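Subject: A structure for you to look at

Hello,

Here is the structure I promised to pass on. Have a look at it first, and then read on for what turned up in it.

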Amino acid sequence: MTRQPEVAVVEPEGVRAVEASEITGRRLRYYDYCMAAFVAILICSNLIGAGKVAEVELPHLGATVFGAGILFFPLSYVLGDVLTEVYGYARARRVVWVGFVAAAFAAGMAAFIVWIPPAPDWKGQEAMAQVFGQVPRIFAASILAFWAGEIANAYVLARMKVLTKGRWLWTRTIGSTAVGQGVDSLLFYPLAFWGVWETSLVLTVMLTNYLLKVGWEAALTPVTYKVVGFMKRAEGLDVYDVETDFTPFRTQI
């Protein structure tokens, strides 16, 4: 029998509020698809998006330089929000770990392929090395920052959901992203570029990219609402992490 969480919530017709532990072993229609999409976005953002530095003119900011990957990387936070909101912290945590391992494998594969000697008549080695030859320090900073940021994002959203009794979804999607992206940026830019770039440049790029990522997430709030609503109705449940073990160092559900 499914137990109701000890929070006063009003759910739409056909959706039942449940404690996260009560759906262990239950077949979930869209969880695997979300996991696959999350991993695909993460790998593409790190390998493809990281290969280009772009510049756009922004109101009040002027010419802004940024890694093109940040236009798509925040979609992983949107999916992280959806996963936590619909399926709970533990299942979102498992997806983060899967993404972490997949990103590490993709980066290792890219490094190996760049490293092995090219055929004498193949002319693409320099271009491939420029796009896919990540500096180990930057790669390590990237995956560590991603892991910590996504875990923080899921934790804040799950906690806020219980505190707000499931109301005001926008406060926890934007709030959790602000925290998660903050953790991500505070780890990545100093670890990757401190002592390589001027301190002022590290701080400027860190702040600019942070604001762009959070702003992009906020702009996608209507999309998040629609996706969350659809998935809750499709699954027939709304998960609350009342009794969840929030340790980040496990993948067990």
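Let me start with one residue, T224, which has a relative accessibility of 1% and so counts as buried, the cut-off being under 20%. Please keep in mind throughout that this is a predicted model. T224 belongs to helix α8, which covers residues 221-235. Apart from residues up to four places away in sequence, T224 touches V78, V82 and T173.

That last partner deserves a look of its own. T173 sits in helix α6, and with a relative accessible area of 2% T173 is buried too. Leaving out neighbours within four places in sequence, the contacts of T173 are D81, L157, E217 and T224.

Two of those names, D81 and E217, come back when you look at how helices α2 and α7 meet. Helix α2 spans residues 74-87 and helix α7 spans residues 199-219; their axes come within 9 Å and cross at roughly 50°. Because of that angle, α2 is oblique to α7. The crossing is right-handed. On the α2 side the contact is made by P74, Y77, V78 and D81, and on the α7 side by K213, W216 and E217. By class, these residues are four nonpolar and three charged, with no polar ones. V78, which takes part here, is also one of the residues touched by T224.

The next pair of helices is α3 and α5. How do their axes run? They come within 10 Å and cross at roughly 170°, which means that α3 is roughly antiparallel to α5. From α3 the residues involved are Y89, A92, R93, V96, W97, G99, F100, A103, A104 and A107. From α5 they are F139, I143, F146, W147, E150, I151, A154, Y155 and A158. This contact has 16 nonpolar residues, one polar and two charged.

Aromatic rings are worth a tour as well. How many aromatic pairs does the structure hold? There are 14. One of them joins W97 and F100: the pair is edge-to-face, with 5.6 Å from centre to centre and 75° between the planes. Both residues lie in helix α3 (residues 89-115), and because they are three residues apart there, about one helical turn separates them. W97 has 21% relative accessibility and so counts as partly exposed. F100 is partly exposed as well, with a relative accessible area of 21%. W97 and F100 also belong to one aromatic cluster together with W147 and F249. Of these four, W97, F100 and W147 appear in the contact between α3 and α5 described above.

Finally, a word on the backbone. Most residues other than glycine have a negative phi. Which residues have a positive phi without being glycine? One is K165, with a phi of about 55°, and another is W168, whose phi is near 55°. K165 is placed in the loop between α5 (136-163) and α6 (169-193), and W168 is found in the loop between α5 and α6 too. K165 is partly exposed, its relative accessible area being 35%.

If you would like a route through the model, begin at T224 in α8, step across to T173 in α6, and then go on to the aromatic cluster of W97, F100, W147 and F249.

Enjoy looking around!

Best wishes

Technical notes:
Residues are numbered from 1 along each chain as its sequence is written. This is a predicted model: local features need pLDDT of at least 70, side-chain atom pairs count only at pLDDT 80 or more; totals for chains, interfaces and linings use all residues. Side-chain values use heavy atoms; hydrogens and water are left out. Axes are lines fitted to C-alpha atoms, for helices over the stretch in contact, and angles run from 0 to 180 degrees between N-to-C directions. Helices (H or I, at least four residues) and strands (E, at least two) are DSSP runs, numbered from the N terminus. Angles under 35 degrees count as roughly parallel, over 145 as roughly antiparallel, 65 to 115 as roughly perpendicular and the rest as oblique. A crossing is left-handed if the near helix is turned anticlockwise from the far one by less than a right angle, and right-handed if clockwise. Contact means heavy atoms within 4.5 Å. Ala, Val, Leu, Ile, Met, Phe, Trp, Tyr, Cys and Pro count as nonpolar, Asp, Glu, Lys and Arg as charged, and the others, Gly among them, as polar. Rings of Phe, Tyr and Trp (its six-membered ring) pair if their centres lie within 6.5 Å; planes under 30 degrees apart count as stacked, over 60 as edge-to-face and the rest as tilted. Buried means under 20% relative accessible area, exposed over 50%, partly exposed in between (1.4 Å probe, protein chains only).
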